[in-house]
Each structure stands twice: as C-alpha cells, then as structure tokens.
Amino acid sequence: MVELLPLANIEASAVEALLDAAFGSDRFGRTAYRIREGTAAVPALSFARVEDGVLVGTIQCWPVAHRAPDGTATPLVMVGPVAVRPDLQRGGYGRALMARMLEAAEQKADSALMMIGDPEYYGRFFGFTADATGAWDLPGPYEKRRLLARAVNGHTLPTGAGMIGPR
Ligand SMILES: CC(C)(COP(=O)(O)OP(=O)(O)OC[C@H]1O[C@@H](n2cnc3c(N)ncnc32)[C@H](O)[C@@H]1OP(=O)(O)O)[C@@H](O)C(=O)NCCC(=O)NCCS
C-alpha cells in the first residue's frame, strides 16, 4: 500500500535516517540548514511517502523571510529537502511529492516559494526559476543559478536585494 501522509505523522528518527541516506550525514553544514535555522517545518506543506508502512520519501517546507537592506521583511516558504530513498530514485516519487506539496501550497501557502535546487529538475517540472533571485543573498555559499523561486497562491516574489533567513 502506498500512502502520501502529512510528515507530522512520521517518527522524527525515521525522517532523519532517510535524509542521511539521501544527502549524507554531513548535510547539516549546508547553506539550506542555515537559512531555516531554528524554524519548524510547516505541517500543511510537508509530506511523507510511505510504502507498506516504510518511509521512502519526504518533502519539507520552512517559514523563512527575505530581509531588504531597509529592514522590510517579506515572508517566503523554503521548499526542501526533497528526499527519495536512494534505491528508489528516478521512479517518479520526487515528482509526486513535489506535486502534492504544490497542490497544498496553491491553497494554503502564506507566501511565495523559494529553494536551492537544480533548475534542470525544479524548473523543468515545477516552474521554479532564478529570475527573481539575482539580487538575493544567502547566509553561506551557493550557486546563483540554483537559487530558485516561484509565486504561489497569489503571493508574488520580492526581486530586490535581501538576505534570506529564518522567519
Ligand atoms: C532529487 C530527487 C528528490 C528526485 O526524485 P526522484 O524520485 O529520484 O526523481 P523523479 O523520478 O521524480 O524524476 C525523474 C526525472 O527527473 C530527472 N532528475 C532527477 N534528479 C535530477 C536532477 N538533480 N537534475 C536534473 N534532472 C533530474 C531524471 O532525469 C528524470 O527525468 P526523465 O523522467 O526525463 O528521465 C531524488 O533523486 C533524491 O532524493 N536525490 C537525493 C537528494 C537530493 O538531491 N534532493 C534534491 C535537493 S533538495
């Protein structure tokens, strides 16, 4: 049986083990972790794929913000990590998790979406681009072409200079 469940239903240790398998246990040093430091995942936008009771995929979203030099803060939702168990990758699970999250975001997201990811994947299938993010900054190293964003649920993107950090 295959289920797409709210991630809040899943034991935290199982989620961490899956993320270690997909990204390696050195993942905590990544810039993405600094952006969302101290925040809790948004329950309505975070999902798990469970097959016969076993966790095989996750997607998490986080409340972050763009802070302009004049102090103006614009809320954003950071998408990711998206993780699929390594032996099941390239089977459509990542796309299904993203599609479920976007369906929920179109109804419930309180702000536009941003992420660090490959435009070849998140642009091609889900409409994320780096068009709005050229003047944004992150609290750690990143490739500009991988800083992606998209409008959702009527929320547009800030395009000016600003640091992305926890909300
Ligand atoms: C990236 C990830 C979530 C994709 O999920 P998946 O279930 O493996 O991939 P899907 O089956 O949904 O999509 C497969 C398609 O996307 C393409 N694709 C997958 N990852 C890609 C990437 N990083 N860049 C470009 N294309 C990619 C595949 O070539 C395939 O295209 P095709 O259908 O034309 O053959 C998954 O592979 C994963 O967990 N990887 C390790 C962790 C990671 O890098 N996560 C993303 C950063 S947040």
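Select helix H3 (93–108) in this predicted model. H3 holds 16 residues, and the distance from its first C-alpha to its last is 22 Å, close to the 22 Å expected at 1.5 Å a residue.

Keep H3 selected and show the side chains of Tyr93, Gly94, Leu97, Met98, Met101, Leu102 and Ala105, which are buried. They share one side of H3, because the arc they cover around the axis is only 165°. An α-helix has 3.6 residues a turn, so residues three or four places apart point the same way. Now turn to the face of H3 that points away from the buried side: the exposed residues there are Glu103, Glu106 and Gln107.

To see what covers the buried residues of H3, add strand S2 (47–51), strand S3 (54–67), S4, strand S5 (112–116) and H4, which are included in the cover.

**The ligand**

Next, select the ligand and the 18 residues around it. Which of these residues come nearest? They are Gly80, Gln89, Gly94, Arg95 and Glu120. Colour the shell by element: helix H1 (12–23), strand S4 (73–84), helix H3 (93–108) and helix H4 (119–126) are the elements that give it two or more residues. S4 gives the most, with 5 residues. Coloured by residue class instead, the shell around the ligand divides into 8 nonpolar, 6 polar and 4 charged. Gly94 belongs to both selections made so far: it is among the buried residues of H3, and it is one of the residues that come nearest to the ligand.

**Glu120**

Stay at the ligand and pick Glu120, which is found in helix H4. Is Glu120 buried or exposed? Glu120 counts as exposed, because it has 10 C-beta neighbours inside 10 Å. For a distance across the chain, pick the C-alpha atoms of Glu120 and Ala21: these residues are 99 apart along the chain, and the two atoms are separated by 22 Å.

**Strand S4 and the loop after it**

Return to Gly80, another of the residues that come nearest to the ligand, and display the backbone. The peptide bond leading from Gly80 to Pro81 is cis, with omega near 5°. Pro81 itself lies in strand S4.

Follow the chain onward to Arg90, in the loop between S4 and H3. Arg90 has a positive phi, near 65°, in a residue other than glycine. Arg90 is exposed, because 7 other C-beta atoms lie within 10 Å, and the cut-off for exposed is 12 or fewer.

**Strand S2 and its loop**

Move to Val50, whose place is in strand S2. Val50 is partly exposed, as 19 other C-beta atoms lie within 10 Å; the cut-off for buried is 20 or more. Once neighbours within four places in sequence are left aside, the contacts of Val50 are Glu3, Leu5 and Leu55. Take Leu5 from that set and place a distance label on the C-alpha atoms: Val50 and Leu5 are 45 residues apart along the chain, and the label should read 7.4 Å.

Now go to Asp52, in the loop between S2 and S3. Asp52 is not a glycine, yet its phi is positive, at about 50°. With 8 other C-beta atoms within 10 Å, Asp52 is exposed.

**Helix H1**

Select H1, which is one of the elements that give two or more residues to the shell around the ligand. How many residues does H1 have, and what should they span at 1.5 Å a residue? The 12 residues of H1 should span 16 Å, and the end C-alpha atoms are 16 Å apart, which agrees. Just after H1, pick Gly24, where phi is positive at about 90°.

**The whole chain**

Finally, select the whole protein chain and colour by element. There are 4 helices and 8 strands, and from the N terminus on they run β-α-α-β-β-β-α-β-α-β-β-β. Turn the C-alpha trace to its principal axes, along which it spans about 50 × 35 × 30 Å. The radius of gyration is 15 Å, which agrees with the value near 15 Å that a compact globule of 167 residues would have. Colour by burial next: buried residues make up 33% of the 167 residues. Last, draw the contacts between residues at least 6 apart in sequence; among these, 71% join residues at least 24 apart.

Technical notes. Residues are numbered from 1 along each chain as its sequence is written. This is a predicted model: local features need pLDDT of at least 70, side-chain atom pairs count only at pLDDT 80 or more; totals for chains, interfaces and linings use all residues. A residue is near a molecule or strand if its C-beta atom, placed from the backbone, lies within 6 Å of it. Ala, Val, Leu, Ile, Met, Phe, Trp, Tyr, Cys and Pro count as nonpolar, Asp, Glu, Lys and Arg as charged, and the others, Gly among them, as polar. The expected span of a helix is 1.5 Å times one less than its number of residues. The arc is that of the directions from the helix axis to the C-beta atoms. Two residues are in contact if their C-beta atoms, placed from the backbone, lie within 7 Å. The radius of gyration is taken over C-alpha atoms; the globule rule is 2.2 Å times the number of residues to the power 0.38.
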